[in-house]
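Visitor: I should like to learn how to read a structure such as this one. Where should a beginner start?

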Amino acid sequence: MDTPDTAPPQDVPTSPDLLADSPDGPRRGSRMSDARPAPGKRQAGKVRIGDRLFAGSSRGSGIVLLVVMAAIAVFLTIRSVNAISHDQGNFLTTFEWNTQEGAPLSFGIAVLAFGTIVSALVAMIIAVPVAIGVALFISHYAPRRMAQALGYVIDLLAAVPSIVYGLWGALFLVPHMLGVNAWLNQYFGWTYLFGQSQPGAQPRSLFSVGVLLAIMILPIITAVSREIFLQVPKMYEEAALALGATRWEVIRTSVLPFARSGIISASMLGLGRALGETMAVATVLSPSLLLSFHITDPGGSTIAQNIATQFGESQGVGRDALIASGLVLFIITLLVNGGARLIIARRKEYSGANA
Amino acid sequence: MAKRIDVSGLNAYYGSFRAVEDISMTVEPRSVTAFIGPSGCGKSTFLRTLNRMHEVVPGARVEGKVMLDNEDLYGNGIDPVAVRRTIGMVFQRPNPFPTMSIKENVAAGLKLNGVRNKKLVDEAVERSLKGANLWNEVKDRLDRPGAGLSGGQQQRLCIARAIAVEPQVLLMDEPCSALDPISTLAIEDLIGELKEQFTIVIVTHNMQQAARVSDRTAFFNLSAVGQPGRLIEIDATEKIFSNPSVQATEDYISGRFG
């Protein structure tokens with residue numbers, strides 16, 4: 001999605017004596033203010049081999065990246081179009097996924113997309129506030145030694161393989177969610193979301209998946225936010241302190257606003273993982289192609305989990321159908337990231353980047 | 001509004017290092033007191049002990065007494081947050097909140113004090129910006145980011161932010177050292193006007209500036225690097241710059257230092 005930024009050729013300085021300048025800003029200015037007559041395009045004897053190597057290799061990496069992206073997009077699109085043209089149902093509205101050999105092909109993305117978005121949303125709602133809290137505690141409240149230890153633990157959580165999370169989720173979290181679900185049903189059943197149509201059923205539900213995903217994305221959001229919080233310049237915190245701000249008020253007036261775009265980026269990294277998580281979801285969920293807003297009921301399905309469970313049983317066009325669902329996941333991720341970038345760009349001049 | 005500061009036997013530490021040793025002085029209300037002295041002599045550290053900003057650095061602590069009229073700022077049960085609301089501070093580098101507009105910057109202190117009334121806030125913003133000689137330059141763009149102003153304007157914005165909460169004392173830590181001469185002149189004129197209302201303490205490396213803006217001048221020095229800074233003398237500014245009572249002061253002022 002970075003294609004406009006990384007498109008390299010015209011941006012790479014060709015005249016070696018300009019390479020020392022920062023790439024975007026002062027190039028033209030420095031040339032204008034030069035007292036000497038304007039230098040020729042290439043000054044003899046000043047071409048450094050290292051400069052050329054670096055310019056060439058960075059340009060090369062940019063091009064390779066673009067080619068790979070384009071190849072993936074073309075592959076996904078061709079196979080998807082093929083699958084959708086063989087679909088007996090409607091790709092957007094059919095609530096089933098029959099891609100096994102022999103049976104008539106009939107599949108739709110709606111339930112999968114719903115399950116993906118709901119579980120990721122639950123994960124974000126739980127994980128983002130907790131992650132920001134933990135990151136703030138590490139960066140601004142905890143004594144230095146404790147902060148370091150906590151930081152290590154958080155980083156360690158990020159290193160646990162997702163299948164381990166999945167096993168833990170299925171064997172520990174799911175049984176323990178029974179009580180939570182009953183409680184939610186009793187006091188928040190009226191919201192419909194937490195109402196249960198079959199109380200007492202094993203909660204292999206989208207909600208349990210969301211809770212598990214929240215734990216999985218917590219470390220990445222925490223780690224990135226913590227770095228951002230530590231980068232807030234001291235002078236802004238002192239400005240708030242000198243006005244008579246308490247520690248929380250310092251955080252509210254100078255740390256959080258300064259870190260805002262960083263928090264959004266961190267959350268997007270977490271969301272990306274939540275949307276694409278496969279093994280942990282497949283281990284916990286008992287998949288069914290039901291679209292229900294009772295999120296604590298067992299059932300539901302996500303795109304990535306569906307691909308993992310169906311892939312072995314599908315052949316030919318059936319596999320193409322799974323690829324089509326992958327393309328939808330790709331598009332959802334793109335849209336979410338684009339939205340986040342818009343939010344960041346909207347208040348760019350207040351971002352602190354130009355201070 | 002302005003109050004007198006009485007300091008007695010003040011020591012300031014960073015961990016086990018004593019940065020400032022045994023300082024006693026009086027800062028008169030409604031006047032400008034300038035602190036001068038070589039780098040590292042503890043004048044900024046001392047300034048930051050006056051509104052309890054010193055102790056926000058990890059490991060830093062203070063011994064001694066700072067009386068604001070009849071109240072010991074380091075007494076038991078005194079809330080440092082409350083002290084900082086009474087004693088405002090302007091820093092060396094202009095530091096308006098980058099995520100706030102000009103108006104929000106000036107109103108930041110009021111908001112912290114719980115002033116919610118929109119009319120009161122608007123009045124205070126206008127009064128403070130006028131007080132900081134910035135109103136005419138920014139009145140048409142109060143909703144623009146404060147970080148978009150020039151350095152001198154940003155510093156006056158910080159002064160407006162500090163005086164918006166009507167402090168008793170205004171501390172300035174080298175407020176002009178990052179500014180060009182014209183912006184410096186604007187700030188110096190402003191200091192002359194502000195002393196009608198506030199007790200002002202200013203740290204400066206620029207001796208002409210001390211001579212121009214202050215009524216009293218304190219000279220700080222340190223005997224060697226790694227030794228704590230000390231107050232050498234404090235007196236009327238004309239006396240310090242014409243006929244100081246200590247030889248070291250005269251050496252420093254006439255540039256025959258060290």
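Guide: This is a predicted model, and confidence is a suitable starting point. Residues 1–40 of chain A have pLDDT that stays under 50 throughout, and the model gives this stretch 32 contacts beyond four places in sequence.

Visitor: How should such a stretch be read?

Guide: Where pLDDT is low, the predicted coordinates should not be read in detail. For chain A, the mean pLDDT is 84, and 85% of its residues reach 70 or more.

Visitor: At what angle do α9(A) and helix α12 of chain A pack?

Guide: The angle is about 170 degrees, and the axes of α9(A) and α12(A), residues 317–346, lie 10 Å apart. Angles over 145 degrees count as roughly antiparallel, and α9(A) and α12(A) are therefore roughly antiparallel to each other.

Visitor: Which residues meet between α9(A) and α12(A)?

Guide: From α9(A), the participants include Ser261(A), Ile264(A), Met268(A) and Leu271(A); from α12(A), they include Leu329(A), Ile332(A), Val336(A) and Ile343(A). Sorted by class, this contact has 10 nonpolar and 5 polar residues, with no charged ones.

Visitor: How many residues of chain A are in contact with chain B?

Guide: There are 20 residues of chain A in contact with 22 of chain B. On the side of chain A that touches chain B, the elements giving two or more residues are α8 (234–242) and α9 (247–276) of chain A. The largest share, 6 residues, comes from α8(A).

Visitor: How many residues on that side of chain A are nonpolar, polar and charged?

Guide: That side of chain A has 11 nonpolar, 6 polar and 3 charged residues.

Terms used
Residues numbered from 1 in each chain as written. Chains lettered and ligands numbered in written order. Predicted model: local features only at pLDDT ≥ 70, side-chain atom pairs only at ≥ 80, totals over all residues. Contact = placed C-beta atoms within 7 Å. Helix = DSSP H or I, 4+ residues; strand = E, 2+ residues; numbered from the N terminus. Nonpolar A, V, L, I, M, F, W, Y, C, P; charged D, E, K, R; others polar. pLDDT = per-residue confidence, 0-100. Axes fitted to C-alpha atoms, helices over the stretch in contact; angles between N-to-C directions. Parallel < 35°, antiparallel > 145°, perpendicular 65-115°, else oblique.
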